[in-house]
Every structure is written in C-alpha cells, then in structure tokens.
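Student: I would like to go through this structure with you. Could we begin with the vocabulary?

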Amino acid sequence: MDIQTVSKLRLLFVCLGNICRSPAADGIMHLKAAERGWDEALTIDSAGIGGWHVGQLPDSRMRKHAAQRGYDLVHRARQFDKETDFDRFDYIFVMDEQNYSDLRSLARTSDDMDKVRYLGNYITHFGGPQVIPDPYYGGPRDFDFALDLIENACDQLLDRIAHHNRL
Ligand code: 4NP
C-alpha cells in the first residue's frame, strides 16, 4: 500500500519513565515508517506515566544499545497528559500491566480506554505475545531483549497497517 492509501494514524507509545522502552519504540517506529515511505502518514510520539525524567534524552544505556542497531534516540521525555493525549492519538501502546492499569485510571471515558493496547500483543517471535519488561534496573541483556521485542512488535504493527490500514 502506498502513502496515498494509508490514512493518517496517530500512535503514542507509553511506559513508566519515558526514558527506556517507549522512546525506543518511538525511534524504532520512526525509522521503520520512514523506510516504508510512511513518515508523513503516521504521527508517532511517546510519553511516560511518571514525570521524573521530563526533558531528558533516553537513558544512555538504551541509547547505546539502540545505536548499535542503527536507531538514533532523540526524544525528550514528557509526561502523559490525560487531557490531551487521549484525544491527540488513535492508539496508545503500553509496555506492561502497570502502564495499562495506570492508563485505565487516567482514562476519562470508555473510548479513551479502547485506544490502549499492549505493544507486546503484536510480538510474533520470542515465544509470542508478552509484556515488555522494564530494563531500567537490569543489565545489557535486558536492554537488548527489550529492543528485540519492540522491533518485532513494530514490524508487525506496520504490516497490519499495510494490510488493513488499522490495528
Ligand atoms: P521506562 O523505564 O519506563 O522503560 O522508561 C524506567 C525508567 C525510569 C524509571 C522507571 C522505569 N524510574 O523509576 O526512574
């Protein structure tokens, strides 16, 4: 499907701190969308449930591991805003159960909540659908594993958009 036939979709990735998983998903999706020529058709952003790291670049460990795969992570952390983000995005992808229940508490309506999906539901490798664990307190392998899962899920998201123009 070419860019003319992909209607504009707005995708937001959410994790706890917005310095590890969701900015990685944001950067990976930006590059993968650009590779398909869809950077104009998709709005892609990320945000955190918490506000501790607002304004910061992603964690240096995540930046390093992502750079080894060709992704330059330049997002500046911001906090999810329930008054605007539920309206500004069509789909909101969370990483784990905590993110999901946090957004459930923030949702104003059932329409808000219907937008929230587990990113890990789209994983086809590594044993199939699963949550994307927080690597923040982990080691190098945890960062690489999070990136493996996120790359797989983003490829699947883009394939679904290609075939159905929705998720
Ligand atoms: P993220 O990881 O949710 O993938 O960005 C975390 C980063 C920072 C913190 C927690 C999780 N923190 O508590 O500061």
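Tutor: Certainly. Two strands pair if DSSP finds at least two bridges between them; strands (E, at least two residues) and helices (H or I, at least four) are DSSP runs, numbered from the N terminus. This is a predicted model, in which local features need pLDDT of at least 70 and side-chain atom pairs pLDDT 80 or more, while totals for chains, interfaces and linings use all residues. Residues are numbered from 1 along each chain, and side-chain values use heavy atoms, without hydrogens and water.

Student: Which residue in strand 4 does I92 stand opposite?

Tutor: I92 faces V116. Strand 3 (residues 91-94) and strand 4 run parallel and are joined by three bridges.

Student: In what order do the four strands of the sheet come?

Tutor: The order is 2-1-3-4, in an open sheet with parallel pairing. Strand 2 (42-48) and strand 4 (116-118) each have a single partner strand, so one side of each lacks a neighbour in the sheet.

Student: Changing topic, which residues have polar contacts with the ligand?

Tutor: A polar contact is a pair of N or O atoms within 3.5 Å. A polar side-chain atom of R21 lies 2.8 Å from a ligand oxygen. A side-chain N or O atom of D134 is 3.0 Å from an oxygen atom of the ligand, and a backbone N or O atom of I19 also lies 3.0 Å from a ligand oxygen.

Student: And how much of the ligand does the protein bury?

Tutor: The protein buries 92% of the 350 Å² that the ligand exposes when taken alone, by the Shrake-Rupley method with a 1.4 Å probe.

Definitions and conventions
A polar contact is a pair of N or O atoms within 3.5 Å; within protein, one must be able to donate a hydrogen and the other to accept it, and residues adjacent in sequence count only if both atoms are side-chain atoms.
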